[in-house]
Amino acid sequence: MKIKTSVTLSDTVLAAIERHAGKDGNRSEFIENAVRSYIAALIRRQQNARDLAIINRRAARLNREAKDVLGYQVRL
């Protein structure tokens, strides 16, 4: 379902949208795609931050495990 809304954009932003949407381009479609991309990027950043926090919390244990595993390697 699509809901019609109104937003205020600066002249420069609107001009850039019109340049990139093309002559026959749909400004609303262009803006919706841009917003979807931006939201997806925000979600990815949040997920990456959570993953990094998990890795950092478990870094000491992971490093001990890696050191232990390396001790089992045979020199060639």
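This report walks through a helix pair, a pocket and two single residues in a predicted model.

## How α1 meets α2

Start with the two helices that touch. Helix α1 covers residues 11–21 and helix α2 covers residues 27–57, and their axes come within 10 Å of each other. The crossing angle is roughly 100°. Angles from 65 to 115 degrees count as roughly perpendicular, so α1 is roughly perpendicular to α2.

Who does the touching? On the α1 side, the contact is made by L14, I17, E18, H20 and A21. On the α2 side, R27, F30 and I31 take part. Sorted by class, this contact between α1 and α2 has five nonpolar residues, plus one polar and two charged ones.

## The largest pocket

If you're hunting for pockets, the largest one has a volume of about 490 Å³. Its lining is made up of 17 residues. Nearest the centre of the pocket lie T5, V7, S28, I31 and E32. I31 also turns up in the contact of α2 with α1, while here I31 sits among the residues nearest the pocket centre.

Which helix gives the most to the lining of this pocket? That would be α2, with eight residues. As for chemistry, the lining has seven nonpolar residues, six charged ones and four polar ones.

## V35 on α2

Back to helix α2 for a single residue: V35 is found there. Is V35 buried, partly exposed or exposed? Its relative accessibility is 42%. Since buried means under 20% and exposed means over 50%, V35 counts as partly exposed.

For a sense of distance, take V35 and A15. The two are 20 residues apart in sequence, and their C-alpha atoms are 17 Å apart in space.

## E65 on α3

The other residue to look at is E65, found in helix α3, which runs over residues 59–71. At 41% relative accessibility, E65 falls between the 20% and 50% cut-offs, so E65 counts as partly exposed.

How far apart are E65 and L76, C-alpha to C-alpha? In space the gap is 22 Å, with their positions eleven residues apart in sequence numbering, counted as how far apart they are.

Definitions and conventions: Residues numbered from 1 in each chain as written. Predicted model: local features only at pLDDT ≥ 70, side-chain atom pairs only at ≥ 80, totals over all residues. Heavy atoms only, no water. Axes fitted to C-alpha atoms, helices over the stretch in contact; angles between N-to-C directions. Helix = DSSP H or I, 4+ residues; strand = E, 2+ residues; numbered from the N terminus. Parallel < 35°, antiparallel > 145°, perpendicular 65-115°, else oblique. Contact = heavy atoms within 4.5 Å. Nonpolar A, V, L, I, M, F, W, Y, C, P; charged D, E, K, R; others polar. 1 Å grid on protein atoms, 1.4 Å probe; cavity = no way out; pocket = protein on both sides within 12 Å on 5 of 7 lines; lining within 4 Å. Points joined across faces, edges and corners; volume = space filled by probe spheres on them. Buried < 20%, exposed > 50% of the residue type's maximum accessible area, 1.4 Å probe, protein only.
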